[in-house]
Amino acid sequence: MSIEDKVLKDFEVGLLTIVLSLILGTLIYFVSLFTNTYPPLDMEIIIKRIVALTPSEFSPLTLSFIFMSILDLSAFHKLRNGFRILNSGTHYGGTGLSLLIISSIFLLFGNIELLLSGFLFLMTKIIIFAWIAFMVVSIVFGMAGTLLLGLEFRNLGNLYKNNQIEKGAILIMSVILSYVGYIIVYVGIRNLRNQKSLSRQNL
C-alpha cells in the first residue's frame, strides 16, 4: 500500500467512524429509552434539582454521549494521522482535530461524571453545574475544530481536484450541516481511492 493510499484509507476509516458514531449513539439512546433503562433527560426536572439539591436520575442521552465520544476520539486520531502523513503545508487539520479531541474528552468525562453521580446518588448543584460547564466547553471546542477540519478537507479537495470533497468540506465548515458534509467527504474519498486503484491496475 502506497503512502497516499494509506492516507486516504485513514481518512475513509475516520470519516466512516464519525458517521457511525451518531447512528449508533442515537440507536443506544432509543433502545435505552424504550427499554426504560434510564428515564429521558427532563430539563425542567434538572432545573428543579439544581435548586432543590436532590439526587437525580440520569438520561439515556448520557450513555449515548459517552459512546459517541469514545468512537469520535478513535476517528479523530485516525484523521490526524492521515493529515500528519499528508503534510499538506497547512495546520488547519491538525489544529482542528486537536480541538475536536479536546471537545470529545470534555464530552466523555462530563457525562461519566454525571453517570457516576447518578449511580452514587451524589447529584448536587455543583455536579450539575460542572456537567453544564463540561458541555459548554465541549461545544465551543467542537465548533472551532469542525470549522478548521472542514477548511482542511476543502484544501484536500483542491489538491485532488475533487468537487465532491470540496462540497462536503463546505458543509462541514457550516458546522450545522457538518454531519451531511462528513458523509459527502467520505463518499468522495472512497470514490477517489477507487479511481486511483483502477488507474494503478490499468498501468
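**Mentor and trainee: reading a helical model**

Mentor: Both R193 and D5 are buried. Before we go on, note that this is a predicted model, in which local features need pLDDT of at least 70 and side-chain atom pairs count only at pLDDT 80 or more, while totals for chains, interfaces and linings use all residues. Residues are numbered from 1 along each chain as its sequence is written, and side-chain values use heavy atoms, with hydrogens and water left out.

Trainee: What makes a residue "buried", and what share of the protein chain counts that way?

Mentor: Buried means under 20% relative accessible area, exposed means over 50%, and partly exposed lies in between (1.4 Å probe, protein chains only). By that rule, 41% of the 203 residues of the protein chain are buried.

Trainee: How many helices and strands are there, and how do you know where each one begins?

Mentor: They are DSSP runs, numbered from the N terminus: helices are H or I runs of at least four residues, and strands are E runs of at least two. The protein chain has seven helices and zero strands, so by this definition its elements read α-α-α-α-α-α-α from the N terminus on.

Trainee: How do you know that the length of helix α3 agrees with what is expected?

Mentor: The expected span is 1.5 Å times one less than the number of residues. For the 27 residues of α3 (residues 60–86) that gives 39 Å, and the end C-alpha atoms are 39 Å apart, so the two agree. Among the buried residues of α3 are I66, M68, D72, F76 and F83.

Trainee: Back to our first pair. What makes R193 and D5 a salt bridge?

Mentor: The rule asks for a side-chain nitrogen of Lys or Arg within 4 Å of a carboxyl oxygen of Asp or Glu. R193 and D5 are 3.3 Å apart, N to O, so they pass. This pair links distant parts of the chain, with R193 in helix α7, D5 in helix α1, and their positions 188 residues apart. In total, the rule gives five salt bridges.

Trainee: Which partner does D10 have, and how far apart are the two along helix α1?

Mentor: D10 pairs with K6, the closest N and O atoms being 3.2 Å apart. They are four residues apart in helix α1, so about one helical turn separates them. D10 has a relative accessible area of 5% and is therefore buried, whereas K6, at 38%, is partly exposed.

Trainee: And what about E12 and R190?

Mentor: Their side chains meet in a salt bridge at 2.6 Å, N to O. E12 lies in helix α1 and R190 in helix α7, so the pair ties together parts 178 residues apart in sequence. E12 is buried at 5%, and R190 is partly exposed at 40%. Salt bridges with shared partners join D5, E12, R190 and R193 into one network.

Trainee: Why is I23 called buried, partly exposed or exposed?

Mentor: Its relative accessible area is 45%, so I23 is partly exposed. I23 belongs to helix α1 (residues 3–34). The C-alpha atoms of I23 and M68 are separated by 9.1 Å, and the two residues are 45 apart along the chain.

Trainee: What makes the largest pocket a "pocket", and what is its volume?

Mentor: On a 1 Å grid over the protein atoms alone, a pocket is an open set of points with protein on both sides within 12 Å along at least five of seven lines, and lining residues have an atom within 4 Å of a point. The volume, meaning the space filled by probe spheres set on the points (joined across faces, edges and corners), is about 680 Å³. The lining has 23 residues, with M68, D72, S103, L107 and T146 nearest the centre. The elements giving two or more residues to it are α1, α3, α4 (92–119), α5 (125–159) and α7 (178–202). α5 gives the largest share, seven residues.

Trainee: What makes the phi of K161 worth a second look?

Mentor: Most residues other than glycine have a negative phi. K161 is not a glycine, yet its phi is positive, near 55°. K161 sits in the loop between α5 and α6 (163–173), and its 71% relative accessible area makes it exposed. V175, in the loop between α6 and α7, also has a positive phi, about 70°. V175 is partly exposed, at 23%.

Conventions. 1 Å grid on protein atoms, 1.4 Å probe; cavity = no way out; pocket = protein on both sides within 12 Å on 5 of 7 lines; lining within 4 Å.
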